[in-house]
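Reader: I've got a model open and I'd like to learn how to read it feature by feature. Can you walk me through it?

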Amino acid sequence: MRVIYVDVLIAVNVFIDFMLIVCTRKFLHIKVKYIRMILGSILGGILSLVALLPSIIFPVNIAVDIISAALIIFASFGICSIKTFIKRIAVYFSLAFSFCGIMLGIYTAFKPKGMAIYNDIVYFNISPVLLIILTVICYYIQYIIRRLTKGEDGYDICNIEVIIKENSYSFPAKVDTGCNLKEPFSGDYVIVVENLLIDNYSPSDNNSRIIPFESLGGCGIIRGFKPDEIKIDGEKKDNSIYIGICNNVLKGDIKALIPSELAYKN
């Protein structure tokens, strides 16, 4: 019977969970302080003590994994909408399972001493250097998978929610590093949206701005306005972002553009 050292079990899983939380934050562009992610990883280390329980049947094991993921996500990223919370859990859960799968592959191929998996919890009684190397390998494998599974054009996507007069509109927006459109007087960034995504909403004259733009296709103007509320990937933003309305300009399935400065802002 293999001996499990509790301190090693917790320390290893604190480190692994921190890497998974960082990956989740990066993939979803979540703005959060590192202290929260550290607290979430510590909670993950404590929850890893489930490895000390007798072998759990598969359905119960999955339920425990989902509950643990929900607790870690809540501790790491705080309160958000139910839809966003479920999305964060799904991403974290997928990363955790892919990590576990990679570790199983490494274990099968190389049989490193001191490595084991109990109730979906990874345990290493190995040197810290080897642990770091294995985790970094997993991180980059997941990074490559993410790059290969982006949209067909290889771009990032943000989920935008706009609230206008108690009406809510949600749509994906392409992150465009070349889109630096700003309202000329305030300098606030502009998210360019096809009018059909907001039900052809027409802002009043006192709530709209004329915003000039330049592109490879030429110059022109669009009409912009500030919505009552805007969220990017579930995170509520302050009232300093304009929505720029266009008609039949953006090609492809994505009908909105967001400046990368907004998408990746910390």
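**Reading strands, helices and cores**

Author: Sure, let's start in a strand: V192 stands opposite L257 in β11. Keep in mind that this is a predicted model.

Reader: Which strands is β5 joined to, and which way do they run?

Author: Five bridges connect β5 with β10 (residues 242-246), and that pairing is parallel. Two bridges connect β5 with β11 (residues 256-259), and that one is antiparallel. V192 has a partner in β10 as well, namely G244.

Reader: How do I read the side chains of a strand?

Author: In a regular strand, side chains alternate between the two faces of the sheet. Here V190, V192 and E194 point one way from β5, while I191 and V193 point the other way. Both sets are buried, so β5 (residues 190-194) counts as mostly covered, with five of its five residues buried under the 20% cut-off.

Reader: Okay, helices next. What span should helix α3 have, at 1.5 Å a residue?

Author: For the 20 residues of α3 (residues 58-77) the expected span is 28 Å, and the end C-alpha atoms are indeed 28 Å apart. Helix α2 (residues 34-47) has 14 residues and reaches 20 Å from first C-alpha to last, close to the 20 Å expected.

Reader: And which residues of α2 are buried?

Author: The general idea first: an α-helix has 3.6 residues a turn, so residues three or four places apart point the same way. In α2, the buried ones are M37, G40, S41, G44 and G45. They cover an arc of only 145° around the axis, which puts them on the same side of α2. That buried set packs against α1 and α3.

Reader: What is buried in α3, and what follows that helix?

Author: The buried residues of α3 are N61, D65, S68, A69, A70, I72, I73, S76 and F77. After α3 comes G78, with a positive phi near 80°.

Reader: Which residues touch the most other members of the largest nonpolar core?

Author: That core has 25 residues, and L20, I21, M37, F77, Y92 and L95 are the ones that touch the most other members. Helices α1 (6-28), α3 and α4 (82-110) each supply at least two residues, and the largest share, nine residues, comes from α4.

Reader: What does M37 touch?

Author: Leaving out residues up to four places away in sequence, M37 touches F18, I21, V22, R25, V32, S76 and F77. Apart from the largest core there's another one of 22 residues, including V162, I164, Y169 and A256.

Reader: Last one: how many aromatic pairs are there?

Author: Three. One of them is F93 with F97, which is tilted: 4.8 Å centre to centre and 45° between the planes. The two sit four residues apart in helix α4, so about one helical turn separates them. F97 is partly exposed, at 37% relative accessible area.

Reader: What about the pair of Y201 and F225: how far apart are the ring centres?

Author: They are 5.1 Å apart, with the planes at 55°, so this pair is tilted. It links distant parts of the chain, 24 residues apart: Y201 is in the loop between β5 and β6 (208-215), and F225 is in strand β7 (residues 218-225).

Reader: Are those two buried or exposed?

Author: Y201 is buried, with a relative accessible area of 16%. F225 is buried too, at 0%.

Notes: Residues are numbered from 1 along each chain as its sequence is written. This is a predicted model: local features need pLDDT of at least 70, side-chain atom pairs count only at pLDDT 80 or more; totals for chains, interfaces and linings use all residues. Side-chain values use heavy atoms; hydrogens and water are left out. The expected span of a helix is 1.5 Å times one less than its number of residues. Buried means under 20% relative accessible area, exposed over 50%, partly exposed in between (1.4 Å probe, protein chains only). A nonpolar core is a set of buried Ala, Val, Leu, Ile, Met, Phe, Trp, Tyr and Cys residues joined through side-chain atoms within 4.5 Å. Contact means heavy atoms within 4.5 Å. The arc is that of the directions from the helix axis to the C-beta atoms. Two strands pair if DSSP finds at least two bridges between them. Rings of Phe, Tyr and Trp (its six-membered ring) pair if their centres lie within 6.5 Å; planes under 30 degrees apart count as stacked, over 60 as edge-to-face and the rest as tilted.
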